[in-house]
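Subject: Structure handover

Hello,

Here is the structure I promised to pass on. Please open it first, then read my notes below.

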Number of protein chains: 2
Amino acid sequence: MRRASFADWPCSIAQTVDLLGDGWTPLVMREAFYGIRRFDEFQHELGIPRNTLTDRLRRLVDEGLLEKEMYDGQPRRYEYLLTDKGRDFFGVLAAMSRWGDRWLAGDDGAPVILHHATCAQDTHAEVVCAACMEPMRAEDSSMRIGPGYPERLKSRPEVQRRFAID
Amino acid sequence: MRRASFADWPCSIAQTVDLLGDGWTPLVMREAFYGIRRFDEFQHELGIPRNTLTDRLRRLVDEGLLEKEMYDGQPRRYEYLLTDKGRDFFGVLAAMSRWGDRWLAGDDGAPVILHHATCAQDTHAEVVCAACMEPMRAEDSSMRIGPGYPERLKSRPEVQRRFAID
């Protein structure tokens, strides 16, 4: 069964989720952040079926998070390198990791911790407001229609309701 | 085909990804943050197949992100309310939303913006280091074995390699 596509929804969460698919993709990205670059290494580290890995790497290259570069010409062999877009995805994984550490880890604590070279601390990620740097919590936040919201949808009653437009 | 389970991996990203599954789950959570509580509302807003929604809501209740509460006894009807664990997931969605706004949105800009009541600004989320509050970027961060990493795995060569243990 073809999975539902969220790529055309006017929502950056839906679009990101569409790109991530079923869970292997964020783990392939995680491996890239651990320094993994080659198909066989991804395959070995994740124990991912080869055809699944081929599919996920192709998607990540198509979407511009990884770029494929030849590192050996005889026979042709490729590495998958993080682009700026891919590298910026680190924040999403760091936020997931923090949430998981807090709510899913056992009594011993976080399985993996982040070391931040900038301040030389063992630390974790926090999601804050870019304007005031206070934590971005659901109870202090609301969603509003942004400049990229499709004009033709704005007048729909359910959209007005969703964004509590007066 | 049963999908791969990442729940037992010693990694909070893998465990979070396992919980999210195929993409519908974060969108169900998104709806909860928009104030949606009832089955038919989730179904209507997302256009999600009813059996898929049943499955995702059950998982979110089992995992403690939502709680099911009866709001009408005749016939019995239930609402799905965010728990503290569920509410804290907002940060992950906000980080996804920011990444999507930056890298997937069209020329018009973000489809949806966050308004932060704390500072009364239209803003976006940023993922920072909890220690120094500087951005948590891949190039400044490295992963280290945490207190919850399984003892029996630490001596394995691939684990030593992964965490660059000397």
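A caution before anything else: this is a predicted model. Please read every value below in that light.

**Chain A as a whole**

Chain A holds 8 helices and 6 strands. Along the sequence, their order is α-α-α-α-β-β-α-α-β-β-β-β-α-α. The chain is more spread out than a compact globule, because its radius of gyration is 19 Å, well over the 15 Å that the globule rule gives for 166 residues. The C-alpha trace spans about 65 × 40 × 30 Å along its principal axes. Of the 166 residues, 39% count as buried. Take the contacts in chain A with a separation of 6 or more: 33% of them come from residues 24 or more positions apart.

The domain assignment splits chain A into domain 1 (12–87) and domain 2 (89–140). Over C-alpha atoms, the centres of these two domains are 23 Å apart.

**How the two chains relate**

What turn lays chain A on chain B? A turn of 180° does it, with a shift of 0.0 Å along the axis and an RMSD of 0.0 Å. That is the relation of a two-fold axis. Both copies use the same surface: 100% of the contact residues of chain A recur in chain B.

**The contact between them**

Chain A gives 80 residues to the contact, and chain B gives 80 residues. On the chain A side, several elements each supply at least two residues. Among them are helix 1 (12–20), helix 2 (24–33), helix 5 (84–88) and strand 5 (125–129) of chain A. Helix 6 of chain A brings the largest share, with 13 residues. By class, the side of chain A that touches chain B has 43 nonpolar, 20 polar and 17 charged residues.

**Strand 3 of chain A**

This strand is a good place to start looking. It covers residues 112–116, and 4 of its 5 residues are buried, so strand 3 of chain A is largely enclosed by the rest of the structure.

Which strand of chain B does it pair with? Strand 3 of chain A is joined to strand 6 (residues 141–145) of chain B by 5 bridges, and the two run antiparallel. Two positions show the pairing. Ile113(A) has Arg144(B) as its bridge partner in strand 6 of chain B. His116(A) stands opposite Ser141(B) in that strand.

Strand 3 of chain A also pairs within its own chain. Its partner there is strand 4 (residues 121–123) of chain A, in the antiparallel sense, over 3 bridges. His115(A) is bridged to Asp122(A) in strand 4 of chain A. The two strands form a hairpin with 4 residues between them. In this hairpin, Ala120(A) takes a positive phi near 60°.

**Strands 1 and 2 of chain B**

Here is another hairpin to look at. Strand 1 (residues 66–73) and strand 2 (residues 76–82) of chain B run antiparallel and are joined by 7 bridges. Lys68(B) stands opposite Tyr80(B) in strand 2 of chain B. The hairpin connects the two strands through 2 residues.

**Helix 2 of chain B, and Gly35 in both chains**

Is helix 2 of chain B largely enclosed or open? Of its 10 residues (24–33), 9 are buried, so the helix is largely enclosed by the rest of the structure. The buried residues include Trp24(B), Leu27(B), Met29(B), Arg30(B) and Glu31(B). Just after this helix, Gly35(B) takes a positive phi of about 95°.

In chain A, Gly35(A) lies in the loop between helix 2 and helix 3 (39–46). Gly35(A) has 13 C-beta neighbours inside 10 Å, so it counts as partly exposed. A residue with 12 or fewer would count as exposed. The C-alpha atoms of Gly35(A) and Leu81(A) are 9.0 Å apart, with 46 residues separating the two along the chain.

**Where to look**

If time is short, view strand 3 of chain A with strand 6 of chain B, which are joined by 5 bridges. Then turn to helix 6 of chain A, the source of the largest share of the side that touches chain B.

Best wishes

Terms used:
Residues are numbered from 1 along each chain as its sequence is written. Chains are lettered from A and ligands numbered from 1 in the order in which they are written. This is a predicted model: local features need pLDDT of at least 70, side-chain atom pairs count only at pLDDT 80 or more; totals for chains, interfaces and linings use all residues. A residue is buried if 20 or more other C-beta atoms lie within 10 Å of its own, exposed if 12 or fewer, and partly exposed in between; C-beta atoms are placed from the backbone. Two strands pair if DSSP finds at least two bridges between them. Domain bounds come from an automatic or database domain assignment. Two residues are in contact if their C-beta atoms, placed from the backbone, lie within 7 Å. Ala, Val, Leu, Ile, Met, Phe, Trp, Tyr, Cys and Pro count as nonpolar, Asp, Glu, Lys and Arg as charged, and the others, Gly among them, as polar. The radius of gyration is taken over C-alpha atoms; the globule rule is 2.2 Å times the number of residues to the power 0.38. Copies are superposed by least squares on the C-alpha atoms of residues with pLDDT of at least 70 in both.
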